[in-house]
Number of protein chains: 4
Amino acid sequence: MGVMRLGYVHTRVTDLDDARRHYGDTLGMKAVHTEADRVYFKAWDEFDHHSVVVEEGGVGLVKMGYKVATSDDLDLFERRAQQFGCLTERMSRGDNVGIGDGVRIVLPSEHVLELYNEAEYLGSEVGLVNPAPFPRHLVGVGVPRIDHCLVTAEDPDTLERFFSEVLDFRAAERVVEDLDGGGLLGSWMSCTTTPHDIAFIKGPNGKLHHFAYELSDWYAIKNAGAIFTMDDVPVDVGPTQHGITRGETVYFFDPAGNRNEVFSGGYAVFPDTPTKTWTVDQLGTGIFYIGRELSERFTSVLT
Amino acid sequence: MGVMRLGYVHTRVTDLDDARRHYGDTLGMKAVHTEADRVYFKAWDEFDHHSVVVEEGGVGLVKMGYKVATSDDLDLFERRAQQFGCLTERMSRGDNVGIGDGVRIVLPSEHVLELYNEAEYLGSEVGLVNPAPFPRHLVGVGVPRIDHCLVTAEDPDTLERFFSEVLDFRAAERVVEDLDGGGLLGSWMSCTTTPHDIAFIKGPNGKLHHFAYELSDWYAIKNAGAIFTMDDVPVDVGPTQHGITRGETVYFFDPAGNRNEVFSGGYAVFPDTPTKTWTVDQLGTGIFYIGRELSERFTSVLT
Amino acid sequence: MGVMRLGYVHTRVTDLDDARRHYGDTLGMKAVHTEADRVYFKAWDEFDHHSVVVEEGGVGLVKMGYKVATSDDLDLFERRAQQFGCLTERMSRGDNVGIGDGVRIVLPSEHVLELYNEAEYLGSEVGLVNPAPFPRHLVGVGVPRIDHCLVTAEDPDTLERFFSEVLDFRAAERVVEDLDGGGLLGSWMSCTTTPHDIAFIKGPNGKLHHFAYELSDWYAIKNAGAIFTMDDVPVDVGPTQHGITRGETVYFFDPAGNRNEVFSGGYAVFPDTPTKTWTVDQLGTGIFYIGRELSERFTSVLT
Amino acid sequence: MGVMRLGYVHTRVTDLDDARRHYGDTLGMKAVHTEADRVYFKAWDEFDHHSVVVEEGGVGLVKMGYKVATSDDLDLFERRAQQFGCLTERMSRGDNVGIGDGVRIVLPSEHVLELYNEAEYLGSEVGLVNPAPFPRHLVGVGVPRIDHCLVTAEDPDTLERFFSEVLDFRAAERVVEDLDGGGLLGSWMSCTTTPHDIAFIKGPNGKLHHFAYELSDWYAIKNAGAIFTMDDVPVDVGPTQHGITRGETVYFFDPAGNRNEVFSGGYAVFPDTPTKTWTVDQLGTGIFYIGRELSERFTSVLT
């Protein structure tokens, strides 16, 4: 079966109380576990133990966890990653609270990726019997689930090859310098029917551009944007529509400065859906279809 | 890789000109091929040769085509289907215009299912280079793609077992008489990250309840409903929201009486997402979350 | 200046606690005043003391209050009403809690209409300085304000003449038996730029068909519908779109059986906007543009 | 009755063919009359002869027309304007094609305002009998009607006093330097139930910031934004939501550089609705509630 989805994002934050207000009160995630230096959050439509971990001390991405279907997948992906030349190590149940055994891989882009196939089951907030479409009493934005990460890499070609050859992801959309496919500047890659489960653009290794939550629709995007203002959350860009993925979006920052996104829409991507290509002169339109411009802040702030 | 998606629906219609107006002018599909007794249609965001075939002479479902990833999948699914006790036969490139070799299976519910892994490539209407999110000049409703079928089966248990054991589908939601899982009345099954690629409810074998198009959002659903009135398309139910799948919907009929649906939204289903269960006393709420009632027409009109 | 808007609706309910749950917890109005047998509610974007009064003991409309701009308007409308042949009486500050002096008129349809030009000011929940577009913590549906009433009248012609000649309302849309204007079956009349501040259809005198709240948009309509199901509020019709007014709607019942509506959209009506006419054979389409059918319940349940 | 609404906007453009493509093909207005140096356009839900006139030769606002209810209103407003100290002159039927007699007033801000009470009736595109909620075949964005103008004035206080004392407009929202009301920087004024029929901000006399079209909702706003990109229309800001008026918006430029807006939503304003006040430090939030920032371009480009 392979990789099922992005399971968790673990980031550093400068202040745990600020993070609790942001991820808890504003985004509406539930703090499911707390330690001295970190808090674990779960969104209402997720079933596993947590999807976001914030750890006090700085800013930026600690690691991303992707859940695979079986332990055989772990073995397969470990072997392939080693063959690809990546450093890997085994991780054990409990190395991450609520997460089972797994494989830790240092990506060609120096990001740490963890694969695992088991997590403690907490269940969603609407239950499994005659479930309501959303919880009756949502908190703040009320994000249902995390969706994807976008990171930067000095060598996007190699990272794309890694996700394709090792993890069986497919590129839904690519930004290139040459229409023949050369000069890869960014790739939006998928292991599901959604247009991106991981994305990366050319930039320094090891950095996070943003991680994203899926919302139900364009109205929820606007509503989220208004709540960000009420809660003094800095908004970076949006609401607007992407060219790449066609998704609707607002980008914003957590109190530590990590960029988050709320995202809705996007089209269905199947294994035989041909890859779309954006030329670098249309990068602004690809990223923001309506405004067609990238701000300095959007391209330069990484954590 | 297995089954990728619903590829085509082939139905009977009483009049080809009426069908051309409906699937062409109202829904906005493009007639890509015409024969004396049938027309082949493609939606704007689809790449393969066609997704809907209408054949003059009566009403009802002729067959459904699901596209698989590889020819190995064809072999595997053929073998499994035979082991399951189904009648199968090989079909050859051109048996269906624009469709490659494949396997034809008579389901336990007497529906005909065709599996194939190749189709003539026509491309979408927005292209692959710097694509717009939708065509500048949409026709009518402007449906982007077909999404799923809902059929009836005398023995839903066996049909669910077929889709699970033979084709690796998973049940996203089920309606049962008993909460322990007994007395299956309907199952919504998925081979993608969307909540249903096939669904069936208890009823006579071989019948079609509806097939569905995916629209972008709740606003497009309303817009479609208004266009149906302008074009004298009979509306069955909606706009409303499903409990099962959480999707937004309008049901309507083609001029021959085959039920169609426009559908948007729905949540992401992953291989480890637990199956949701609806009890039969909440069937109305499961099907139409807001109205909570099933009309006689909705439950009894099948083609 | 004349009539400014519908100011309050006063209805009978069978149980005050049930009504408090409905108008308070589900619709999100604030109980601003309570007496032994009645509760006064205000919506978040209203400024005056209350807009809904529920009084224990039965079901149905007690009276409607429309706010006028000046005390001169009271005198003018009183005089005109008397000339029209209506029974009128003066009411004094405090006859209705929080409401100033006014004129009570028994309409030709036997409904009681109160005109007043002063009300106790409580203010909206977002304030007047740098106001947010909606309160940060909405309750339930979170209705912003009441919008209009639809009542029944044995003689719609006379009632339309009353609202036109006495209160300077204009008919935005009319349903007629004959296209020359004869056989009036319903009229949607406006004293603002919205398409209806009062509406009435042919039926028994003195009865209420529904009163309505304005919501922001089609998404809020769907969201309200889902909350109605979560809170066991019976839904009558919708979500759907009206032909008449073009508004989006869900009809539902309070626990006593009074029909409420949440409404959004509609077009701008100016004093020179020509009246639209619906022929009786298109009544279903006029009322529900997409479904084009009126249910027995929708046409017969009045309180 | 007084002023009913903004009736027409007359602007200069650098090229008539470009303007025809913009106002015709992209916005979907109909060219109802053409002269050597100008084109008259009407939107689909408007009844009068035209609402936009483009005149070749430069850029910027020639004049605005507001329609009043009666010829008595013309007399009254002429007298009041003269008393206010404004230069006025009578205009005759045909001075503007399709427009009746009227009064031309030079505003304290040096803009030319024309009042008239009659216009040639062309009718809307959905008719008056059993009308559809929108035309079956919309062109481009398909704007239904014009809504308001925003102009600049060296002395906003005097201009606000003019619209209040002469034309009976009310300020729905104001931006001030001091919370006691001093230092007026902008005023959004209404003669209808919508939050602005005219608005102005401090700036050079005689200039246009933008004129606006009303769209049905937030989805139509996004759709418009995407069409602007397809048609190479420069987008200034948006889609986003205003704090002031709560409306949803995209700002864009016509080929001559005149700023246009598509606008939806906003709240109902009644004669007794208290004026909202924004402090200058929250100006960014007032104008763009989500982004909270004004760009150099947005504040400085005037025509």
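**Entry 1: a pair in helix α3 of chain C**

I began with Glu165(C), which counts as partly exposed at 42% relative accessibility (buried is under 20% relative accessible area, exposed is over 50%, and partly exposed lies in between, with a 1.4 Å probe and protein chains only). Arg161(C) is likewise partly exposed, and I noted its relative accessibility of 41%. I then found that these two side chains meet in a salt bridge, at 3.5 Å from N to O (a side-chain nitrogen of Lys or Arg within 4 Å of a carboxyl oxygen of Asp or Glu). Both residues belong to helix α3 (residues 156-165) of chain C, and because they are four residues apart there, about one helical turn separates them. Helices (H or I, at least four residues) and strands (E, at least two) are DSSP runs numbered from the N terminus.

**Entry 2: the basis of the notes**

I record that this is a predicted model, in which local features need pLDDT of at least 70 and side-chain atom pairs count only at pLDDT 80 or more, while totals for chains, interfaces and linings use all residues. Residues are numbered from 1 along each chain as its sequence is written, chains are lettered from A and ligands numbered from 1 in the order in which they are written, and side-chain values use heavy atoms, with hydrogens and water left out.

**Entry 3: further salt bridges**

Over all chains, I have a total of 104 salt bridges for the structure. In chain D, I looked up Arg5(D) and Asp48(D), whose side chains form a salt bridge at 3.3 Å, N to O. Arg5(D) sits in strand β1 (residues 3-13) of chain D and Asp48(D) in the loop between β3 (38-42) and β4 (52-56) of that chain, so the pair ties together parts that are 43 residues apart in sequence. Are Arg5(D) and Asp48(D) buried or exposed? I found both of them buried.

Another salt bridge in chain D joins the side chains of Asp37(D) and Arg38(D), at 3.1 Å from N to O. Asp37(D) is partly exposed, with 29% relative accessible area.

I also noted a network of salt bridges that includes residues of chains A and B: Arg5(A), Asp48(A), Lys67(A) and Asp272(B) are linked in it.

**Entry 4: the VOC spans of chain A**

In UniProt, an unreviewed entry lists "domain: VOC" for residues 5-118 and 145-265 of chain A; such annotations may be inferred rather than shown by experiment, feature names are shortened, and positions follow the numbering used here. For residues 5-118, I have 22% helix and 42% strand, with the end C-alpha atoms 13 Å apart. For residues 145-265, the helix share is 19% and the strand share 47%, and the end C-alpha atoms lie 14 Å apart.

**Entry 5: peptide bonds and phi angles**

Most residues other than glycine have a negative phi, and most peptide bonds are trans. I therefore looked for departures from this pattern.

Gly238(A) and Pro239(A) are joined by a cis peptide bond, with omega about 5°, and Pro239(A) lies in strand β14 (residues 235-241) of chain A. In chain C, the peptide bond from Gly238(C) to Pro239(C) is cis, with omega near 5°. I located Pro239(C) in strand β14 (residues 235-241) of chain C.

Which part of chain D holds Asp232(D)? I found Asp232(D) in the loop between α4 (218-230) and β14 (235-241) of chain D. Asp232(D) is not a glycine, yet its phi is positive, at about 60°. With 63% relative accessible area, Asp232(D) is exposed.

Arg246(D), also not a glycine, has a positive phi of about 65°. Its place is the loop between β14 and β15 (247-253) of chain D. Arg246(D) is buried, with a relative accessible area of 9%.

**Entry 6: two loop residues of chain B**

I looked up Gly203(B) in the loop between β12 (198-202) and β13 (207-214) of chain B. Gly203(B) is buried, at 17% relative accessible area. How many Å separate the C-alpha atoms of Gly203(B) and Pro156(B)? The separation is 8.7 Å, for residues that are 47 apart along the chain.

Ser51(B) lies in the loop between β3 (38-42) and β4 (52-56) of chain B. Ser51(B) is buried, and I noted a relative accessible area of 1%. From Ser51(B) to Asp281(B), I have 36 Å from C-alpha to C-alpha, with their places 230 residues apart in sequence.
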